[in-house]
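Student: I would like a close look at one part of this chain, taken slowly and set against the chain as a whole. Could you choose the part where nonpolar side chains gather and walk me through what surrounds that part?

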Amino acid sequence: MSITQKPISARIKHEVLWAIDQEAMLGTYNRNDILNRGGQLFVDLLDVRRQLRCVQDIPTKRKMIHGFMKKYWPEAERVMFPGG
């Protein structure tokens, strides 16, 4: 059995925890899953921002943004980039 998670202690703003708990009450995701997904989204966003600063070509930047939206916000991706 491999260990894929590590327990941590973190200070979190009351408002953020409240919003996470409200989302968790809907039953689709639990608190831990929301925190993991949010952390991954944040580090991926920072990475894309760094990559965009390294590229001057607008079509390439659009492809990078398209890929990010496809992963994290497919509903908007279909509106902003119809046809793929």
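Tutor: What follows begins with the chain as a whole, turns to its largest nonpolar core, and then takes up two further residues.

The model is a predicted one, and its secondary structure consists of four helices with zero strands, so that the pattern read along the sequence is α-α-α-α. The radius of gyration is 17 Å, well over the 12 Å that the globule rule gives for 84 residues, and the chain is therefore more spread out than a compact globule. Along the principal axes, the C-alpha atoms fill a box of roughly 40 × 35 × 25 Å. Of the 84 residues, 14% count as buried, while the chain exposes about 7500 Å², with carbon and sulfur atoms supplying 59% of that area. Among contacts with a separation of 6 or more, 21% are accounted for by residues 24 or more positions apart.

Against that background, the part to examine closely is the largest nonpolar core, which is made up of five residues: Val 48, Leu 52, Val 55, Met 64 and Phe 68. Two elements give two or more residues each to this core, namely helix 2 (31–54) and helix 3 (58–72). In soluble globular proteins, nonpolar side chains tend to be buried together. Within the core, Met 64 is a useful residue to follow, since leaving aside residues up to four places away in sequence, Met 64 touches Gln 51, Leu 52 and Val 55. Of these partners, Leu 52 and Val 55 are themselves listed in the core.

Helix 2 also holds Ile 34, a residue that counts as buried because its relative accessibility is 18%, under the 20% cut-off. Not counting residues up to four places away in sequence, Ile 34 touches Ile 20, Glu 23, Ala 24 and Tyr 29. For one of these partners, Ala 24, the C-alpha to C-alpha distance from Ile 34 is 7.7 Å, although the two are ten residues apart in sequence.

A contrasting case is Val 16, which lies in helix 1 (residues 14–25) and is partly exposed, with a relative accessible area of 38%. Together with Ile 12 and Leu 35, Val 16 makes a nonpolar surface patch of about 220 Å². Val 16 can belong to such a patch because its 38% relative accessible area is over the 30% that patch residues need.

Key: Residues are numbered from 1 along each chain as its sequence is written. This is a predicted model: local features need pLDDT of at least 70, side-chain atom pairs count only at pLDDT 80 or more; totals for chains, interfaces and linings use all residues. Side-chain values use heavy atoms; hydrogens and water are left out. Patches are made of residues with over 30% relative accessible area and no salt bridge: like charges are joined within 9 Å, nonpolar side chains (Val, Leu, Ile, Met, Phe, Trp, Tyr) within 5 Å. Accessible areas come from the Shrake-Rupley method with a 1.4 Å probe; for residues, only the protein chains shown count as cover. A salt bridge is a side-chain nitrogen of Lys or Arg within 4 Å of a carboxyl oxygen of Asp or Glu. Buried means under 20% relative accessible area, exposed over 50%, partly exposed in between (1.4 Å probe, protein chains only). The radius of gyration is taken over C-alpha atoms; the globule rule is 2.2 Å times the number of residues to the power 0.38. Contact means heavy atoms within 4.5 Å. A nonpolar core is a set of buried Ala, Val, Leu, Ile, Met, Phe, Trp, Tyr and Cys residues joined through side-chain atoms within 4.5 Å.
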